[in-house]
Amino acid sequence: KELTDNFIDLDENPRKFFVQDVLESYKEYCQHWKSNDWGQNQLLRKGINIATALYHFSEHLPSNIRSTINTLEARCLDYVLVRDITNVSKHKTITKYTPRISDAAQIYEAVTITLFSDDKGEYPAPQLEVYLKLNDSTERKLTEILYNVMLMWRDTLSQLNIVDIKTIPKPINDKPLTRKEATQKRSHLHIMQGEDFKAHLHLL
C-alpha cells in the first residue's frame, strides 16, 4: 500500500528496460542452464550479467519512486549477493564493507552429477550450475539467488503498477528424475584449444 500510495505517472522506460533487458537476459540464462553446455564459462558470464542488471535496476526508476522503496535487502536477502557478485566481477576483490563473497574466484561453474536409484540400480543425471562459495564456507547455487531476486522485482514492480508479470521461469531441479528423464539429460563440454581448462565436478 505504501508503494501504490506514492505512485506517480512514469514514462515507459522502467517497464521497457525490465521486460526487454532484465527479463530477456534472465531467460537466456535459464535456456543455457537447460542446455547443459559448459567448459567456457558461458553460464557464468550470463549469470554475472543478469546479477548486475538485477542489482542496478533500481537506478532505472525515477527518483520519486526509488524513495518509496524500502531497503531492497530487507525485501530479499539475496539482493545482497547480487550486489557482491556485481562488485567482485568488476573489481575482482572487495575490500570495503562486509561482503558475503570477497573474491571473483568464489564464483565458479560446476557440473553436478546426481545419482538416483530405482529397481534396476543407480543412474546419473548431470546438471550445469554456477556456485557461490560464501565467506562463511557455505555454498549457494546462482540459479536460486537469481530466481529469488527476480521474484522480488516482479512483486515490487507489480505494486508500483509498472509491469505485471505472472510467471518467472524457475531453473531449479527440485524433484527426482526418472531413469528416462536422466538418460535424456546430456552434458556438453566445449573447450578452447590452447587455453587452460579447469573442471569442477560435484557428486550428489
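# Exercises on a predicted protein model

Read from one end of the sequence to the other, the protein follows the pattern α-α-β-α-α-α-α-β-β-β-α-α-β-β, and the model in which this pattern appears is a predicted one.

**Exercise 1.** Work out how many helices and strands the protein has, and what part of its residues counts as buried.

*Solution.* Begin with the pattern, α-α-β-α-α-α-α-β-β-β-α-α-β-β, whose letters correspond to a secondary structure of eight helices and six strands. Next, turn to burial: the protein has 204 residues, and 42% of them count as buried. Finally, consider the contacts with a separation of 6 or more, of which 67% are accounted for by residues 24 or more positions apart.

**Exercise 2.** Compare the end-to-end reach of helix α3 with the span expected for its 15 residues, and then find what its buried residues pack against.

*Solution.* Since the expected span takes 1.5 Å times one less than the number of residues, the 15 residues of α3 should span 21 Å, and the end C-alpha atoms are indeed 21 Å apart, so the two values agree. The second step is to list the buried residues of this helix, which are Leu43, Leu44, Gly47, Ile50, Ala51, Ala53 and Leu54. The buried residues of α3 pack against α2, α6, β2, β3 and α7. As a background point, an α-helix has 3.6 residues a turn, so residues three or four places apart point the same way.

**Exercise 3.** Describe helix α7 and determine which element gives the largest share of the largest nonpolar core.

*Solution.* Helix α7 runs over residues 142-159, and its 18 residues reach 26 Å from the first C-alpha to the last, close to the 26 Å expected. Its buried residues include Leu146, Met150, Trp153 and Leu157, and after the helix comes asparagine 161, with a positive phi near 60 degrees. Now look at the core, which has 49 residues, and in which Phe18, Leu132, Leu146, Trp153 and Leu157 touch the most other members. Two or more residues come from each of α2, α3, α6, β2, β3 and α7, and the largest share, ten residues, is the contribution of α7. To see one of the well-connected members in detail, take phenylalanine 18, which, leaving aside neighbours within four places in sequence, is in contact with Leu23, Phe57, Met150, Trp153, Leu157, Val163 and Ile165. Apart from this core lies another one, of five residues, among them Phe116, Tyr123, Leu177 and Ala182.

**Exercise 4.** Identify how strands β2 and β3 are joined and in which sense they pair.

*Solution.* Strand β2 covers residues 107-118 and strand β3 covers residues 121-133, and the two pair in the antiparallel sense over twelve bridges. The connection is a hairpin, which leads from β2 to β3 through two residues. To place one pair of residues across the two strands, note that leucine 115 stands opposite proline 124 in β3.

**Exercise 5.** Decide whether aspartate 84, cysteine 30 and cysteine 76 are buried or exposed, using their relative accessibility.

*Solution.* The cut-off needed here is that buried means under 20% relative accessible area. Aspartate 84, found in helix α6, has 0% relative accessibility and therefore counts as buried. Leaving aside neighbours within four places in sequence, aspartate 84 is in contact with Ile94, Tyr97, Pro99, Arg100 and Ile101. Cysteine 30, at 11%, is buried as well, and so is cysteine 76, at 8%. As for bonds between cysteines, the structure holds zero disulfides.

Notes: Residues numbered from 1 in each chain as written. Predicted model: local features only at pLDDT ≥ 70, side-chain atom pairs only at ≥ 80, totals over all residues. Heavy atoms only, no water. Pairing = 2+ DSSP bridges. Helix = DSSP H or I, 4+ residues; strand = E, 2+ residues; numbered from the N terminus. Buried < 20%, exposed > 50% of the residue type's maximum accessible area, 1.4 Å probe, protein only. Core = buried A, V, L, I, M, F, W, Y, C linked by side-chain atoms within 4.5 Å. Contact = heavy atoms within 4.5 Å. Disulfide = S-S within 2.5 Å.
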